[in-house]
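Reader: I would like a close look at one part of this model, namely a pair of packed helices and the loop that joins them. Please set that part in the context of the whole chain, and take your time over the details.

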Amino acid sequence: DLFVLLRNARTRTDYSTEQRKVLNDIWTAWLTRSANSSIVAGDTRHAISILEAGVRMLPAELRLQRALASALLTAGDPKRSTAIYQAAGFRDAAATDYVAAVGAAMGAEETRLAQNWMKEGLTQFPRDTELLSLAGKQAAAKGDFRKAEGFWRLALQEVDSQNQEKLAKSLRSGPEGI
């Protein structure tokens, strides 16, 4: 029912610029939530098709482009994901967008791009635990364990005591963990 209402509202021409923006925000929220539901249900292909349709419908909507890039990364296509992150940029991006973009660039073997996005993300969100943790993992992968420890200590300082053990476990996981 919501789809029909939104589709019909989109055809109207009597909306102000602000009303059109709000309608696009509603579309974006609906499309991203629908895609997330598909991902949770294990149907990443359907999520990607939802987001691709959304990007065709609202090509200037950066949130949809970044959501598509994230879904492609989840689906195992880091090259295409990286290309979308590059095209979309990071205007009004969240810290999680940077984390996903860095992961995509690393998966696509675009090391320099991953480093640049990591620096930009840490500049924008210097206290984000996911970015700090990822920066630590990158430093450890390069063999710079002092730098890695510094990032991890900063990450641990930013979380409350309940979440410190959870973060410490995530830092220990994987081949490059502490």
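Author: Contact here means heavy atoms within 4.5 Å. With that cut-off, and bearing in mind that this is a predicted model, the part to look at is the pairing of helix 5 with helix 6, where Pro78, Ser81, Thr82 and Tyr85 in helix 5 meet Asp97, Ala100, Ala101, Ala104, Ala105 and Gly107 in helix 6. By class, the residues of this contact comprise six nonpolar, three polar and one charged.

Two packed helices are described by the angle between their axes and the distance between the axes. Helix 5 covers residues 78–88 and helix 6 covers residues 95–107; their axes come within 8 Å of each other and cross at roughly 130°. That angle makes helix 5 oblique to helix 6, because an angle counts as roughly antiparallel when it is over 145 degrees. The crossing in which helix 5 passes helix 6 is left-handed.

The loop between helix 5 and helix 6 holds aspartate 92, a residue other than glycine whose phi is nonetheless positive, near 60°. Most residues other than glycine have a negative phi. Aspartate 92 has a relative accessible area of 70%, so that it is exposed. A similar description can be given beyond the other end of helix 6, where glutamate 109 lies in the loop between helix 6 and helix 7 (111–124). Glutamate 109 also has a positive phi near 60°, and its relative accessibility of 71% is why it counts as exposed.

How far can these details be trusted? Where pLDDT is low, the predicted coordinates should not be read in detail. Among the elements of the protein chain, helix 5 has the highest mean pLDDT, at 96, whereas helix 10 (residues 161–172) has the lowest, at 66. For the protein chain the mean pLDDT is 88, with 88% of the residues reaching 70 or more.

Another helix pair offers a useful companion to this one. Helix 3 (residues 44–57) and helix 4 (residues 62–74) pack with their axes 9 Å apart and at an angle of about 155°, which makes helix 3 roughly antiparallel to helix 4, since that angle is over 145 degrees. The crossing of helix 3 and helix 4 is left-handed. On the helix 3 side the contact is made by Thr44, Ile48, Leu51, Glu52, Gly54 and Val55, and on the helix 4 side by Leu64, Gln65, Ala67, Leu68, Ala71, Leu72 and Thr74. Eight nonpolar, four polar and one charged residues make up this contact of helix 3 with helix 4.

As for the setting, the protein chain has ten helices and zero strands, and 40% of its 178 residues are buried. Among contacts between residues at least 6 apart in sequence, 43% join residues at least 24 apart. One residue placed in helix 2 (residues 17–40) is asparagine 24, which counts as buried because its relative accessibility is 18%. Leaving aside residues up to four places away in sequence, asparagine 24 touches Arg10 and Leu58.

Definitions and conventions:
Residues numbered from 1 in each chain as written. Predicted model: local features only at pLDDT ≥ 70, side-chain atom pairs only at ≥ 80, totals over all residues. Heavy atoms only, no water. pLDDT = per-residue confidence, 0-100. Helix = DSSP H or I, 4+ residues; strand = E, 2+ residues; numbered from the N terminus. Axes fitted to C-alpha atoms, helices over the stretch in contact; angles between N-to-C directions. Parallel < 35°, antiparallel > 145°, perpendicular 65-115°, else oblique. Left-handed = near helix turned anticlockwise from the far one by under 90°. Nonpolar A, V, L, I, M, F, W, Y, C, P; charged D, E, K, R; others polar. Buried < 20%, exposed > 50% of the residue type's maximum accessible area, 1.4 Å probe, protein only.
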